Amino acid sequence: MIFIYLACFLLLFYYLLTKNYGYWKSKNVPFEKPVFIFGSFYKIVTKQQHLFYRIREIYDNFKTPYCGIYIFNRPHLVVRDPQLIKKVLVKDFDKFVNHQIASNEKADALTYHGLFASRDQEWKNLRTKLSPVFTSGKMKLMLPLIQECASDLAACVEKHSGDKIEIRDVMKKYAVDIISSCAFGINAYCLKNEKSEILEVATKLGDFKSLIRNFVVFSYFFAPKLVDIFRLSLLDKGASSYLIDVFNNTLKERKKRGILRNDLIDLLNNLKQNESFNENYKFDDLKMAAQAIQFFTAGNETTSLTLAFALYELSLNKDVQDRLRQEVRETFDKHGSFTYEAIQEMTYLDMVLNEALRKYPLTIFLDRGCEGTYNFEDTGLTIDKNVSVLIPVVGLHYDPEYYPDPEKFDPERFSPENKNNILPYTYLPFGDGPRSCIGQRFALLVSKLALVYCLKDFAFDVSETTKVPLELDNGIPFIMNKGNLHLNVTRL
Ligand code: HEM
């Protein structure tokens, strides 16, 4: 008898895991044959392949405007055609408002209330409230705080002059110093001190390596039901409560002493104070702290890795590095310091950073959930509610049709003359449309200041231990190389 029960159970299990596997065939959509249980992500789960290469492979294998894949047992539509991408991200945004990340208030209230995971009307209210925080006027006011950290960065690089430097580590300290200063109102001094509590917190929040963290992150992005079943928290509880305490203490201190610093924490606090003027959305203490923590998590690894990879490429392409240094020095001589206007004037700096973000888009793909049955008009394709749409950013950024010789680091692609030839919706390091990265302006300013402070007086070279080409760490769901990233530094 027990065998009959067992057989029924296994059959039911098999049915549940495979019942969706006919979805794309029934829709007449070209699709990748799923591997049992894992769908298209078998090599990702078993760490045989990095997500970066998996998404590129899927993109390259299909030459059609879209194709179907399964992630575990859920159907996802990979949209390859820029015109269709525009529909999803911009034209028909109201049908694709939400990211597909799990959101469970009881399991992780901070992630739930953060902008990235918030949904529908709640997201709209929050985004409307937060957008004024990132205008260029506000960035200008924050510049002195960023300059202070960039100057610490140059001092830290100086200490390693004549030696090699672990560039990812240094840039992580820089990013943590900046976000701690701007979003939490504290001087973390990670670049100055060997040991820093907040750096440990950042490391905990950015830990994707351990098996458990890997499982949690995967569940949040690809198997949200597991988040509900096991009440999984995306944020490390200890680390997030440390940050909440820091945030609340800063707020108290500012109220008591009447301090105004024009940073993100002041701007968030203003939004709360002006609450009575906007009754759409109650911006309480928890929601305010959730945004600060979101800025901390969304801004750290993205900014620091972009910078590390930019300097790695500049070390391999010395002509580009020299030309950029020349622009940096000329601009410095003209303005006497790196003012907001000086930074905006540097065209080649912008080109170099754009190219670094093309080759290393930290977010390998964008995702949107379909809010109802949706018809891609001319194509004849209709997808159903809750089917996820993936935009394969790395596939587009490495498509030779859009970026000839895509492995080459070539800032000329983004020169004022060539920039206009880039096909819209093929360059998406910050996403696009109403749900694009809210911190883009801040990230670009912070990154540009880091590069100019580093390059003005120092030369960067690959060292004998730098792996060329980079070998990606298959256990990490964004672009991160295995082991260290050492560069030699010389004072000029
Ligand atoms: C080089 C650095 C960065 C990169 C490459 C980056 C990239 C991205 C991308 C691709 C998205 C998703 C966009 C979409 O789905 O269309 C995103 C969303 C977001 N980013 Fe960034 N980001 C960076 C830095 C930052 C910083 C510094 C902050 C905060 C200060 C930030 C805050 C956010 C938030 C809150 C969202 C969610 C927006 C929403 O759902 O409305 N990011 N980012």
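In which helix does Ser180 lie? Select Ser180 to begin the tour; the model on display is a predicted one. Ser180 belongs to helix H9, which covers residues 167-184. The residue is buried, because its relative accessible area is 0%, and buried means under 20%. Add Val176 to the selection: a polar atom of the Ser180 side chain lies 2.5 Å from the backbone oxygen of Val176.

**The ligand and its iron atom**

Next, select the ligand and display the residues around it. The shell consists of 27 residues, and the closest are Trp123, Arg127, Arg368, Arg435 and Cys437. By character, 13 residues of the shell are nonpolar, 10 are polar and four are charged.

Centre the view on the iron atom of the ligand. Which protein residue provides its single donor? The donor is the SG atom of Cys437, at 2.3 Å from the iron. Cys437 is situated in the loop that runs between helix H20 (416-419) and helix H21 (440-457).

Now show the oxygen atoms of the ligand together with three of the surrounding side chains. For Trp123, an N or O atom of the side chain is 2.9 Å from a ligand oxygen. For Arg368, a polar side-chain atom is found 2.7 Å from an oxygen atom of the ligand. For Arg435, the separation between a side-chain N or O atom and a ligand oxygen is 2.8 Å.

Colour the secondary-structure elements that contribute to the shell. Helix H7 (120-130), H15, strand S4 (366-369) and H21 each supply at least two of its residues. Which element gives the most? That element is H15, with seven residues.

**Two bent helices**

Select residues 285-316 to isolate H15. This helix has 32 residues, and the distance from its first C-alpha to its last is 47 Å, close to the 46 Å expected at 1.5 Å a residue. Follow H15 to Gly299, where a kink of about 30° is centred. H15 is mostly covered, with 26 of its 32 residues buried.

Turn next to helix H8, residues 136-159. Its end C-alpha atoms are 33 Å apart, in agreement with the 34 Å that 24 residues should span at 1.5 Å a residue. Where does H8 bend? The bend, of about 45°, is at Met142, and the proline Pro144 follows within four residues.

**Backbone details in the loops**

Most residues other than glycine have a negative phi, and most peptide bonds are trans. The next selections depart from these patterns.

Select Phe72, which has a positive phi of about 55° although it is not a glycine. Phe72 is in the loop between strand S1 (66-71) and strand S2 (74-79).

Asp405 is also not a glycine, and its phi is positive, at about 50°. To find Asp405, look in the loop between helix H19 (393-397) and H20. Is Asp405 buried or partly exposed? With a relative accessible area of 49%, Asp405 is partly exposed.

Move to Val468 and Pro469, and display the peptide bond between them: this bond is cis, with omega near -5°. Pro469 is placed in the loop between strand S8 (458-462) and strand S9 (486-491).

Remain in the loop between S8 and S9 and select Gly475, which is also located there. Gly475 counts as buried, because its relative accessibility is 12% and the limit for buried is under 20%. Add Asn214 to the view: although 261 residues along the chain lie between the positions of Gly475 and Asn214, their C-alpha atoms are separated by 7.7 Å.

**Two further distances**

Select Val35, in the loop between helix H2 (23-26) and helix H3 (42-45). At 37% relative accessibility, Val35 is partly exposed. From Val35 to Thr18 the C-alpha distance is 9.9 Å, for residues 17 apart in sequence.

Finally, go to Val320 in helix H16, residues 318-335. Is Val320 buried or exposed? Val320 counts as buried, with a relative accessibility of 6%. Draw a line from Val320 to Asp367: these residues are 47 apart along the chain, and their C-alpha atoms are 34 Å from each other.

Definitions and conventions:
Residues are numbered from 1 along each chain as its sequence is written. This is a predicted model: local features need pLDDT of at least 70, side-chain atom pairs count only at pLDDT 80 or more; totals for chains, interfaces and linings use all residues. Side-chain values use heavy atoms; hydrogens and water are left out. The expected span of a helix is 1.5 Å times one less than its number of residues. The bend at a residue is the angle between axes fitted to the seven residues ending there and the seven starting there. Buried means under 20% relative accessible area, exposed over 50%, partly exposed in between (1.4 Å probe, protein chains only). Donors are N, O and S atoms within 2.8 Å of the metal (3.2 Å for Na, K and Ca); water is not among the atoms, so sites may look incomplete. A residue is near a molecule or strand if one of its heavy atoms lies within 4 Å of it. A polar contact is a pair of N or O atoms within 3.5 Å; within protein, one must be able to donate a hydrogen and the other to accept it, and residues adjacent in sequence count only if both atoms are side-chain atoms. Ala, Val, Leu, Ile, Met, Phe, Trp, Tyr, Cys and Pro count as nonpolar, Asp, Glu, Lys and Arg as charged, and the others, Gly among them, as polar.
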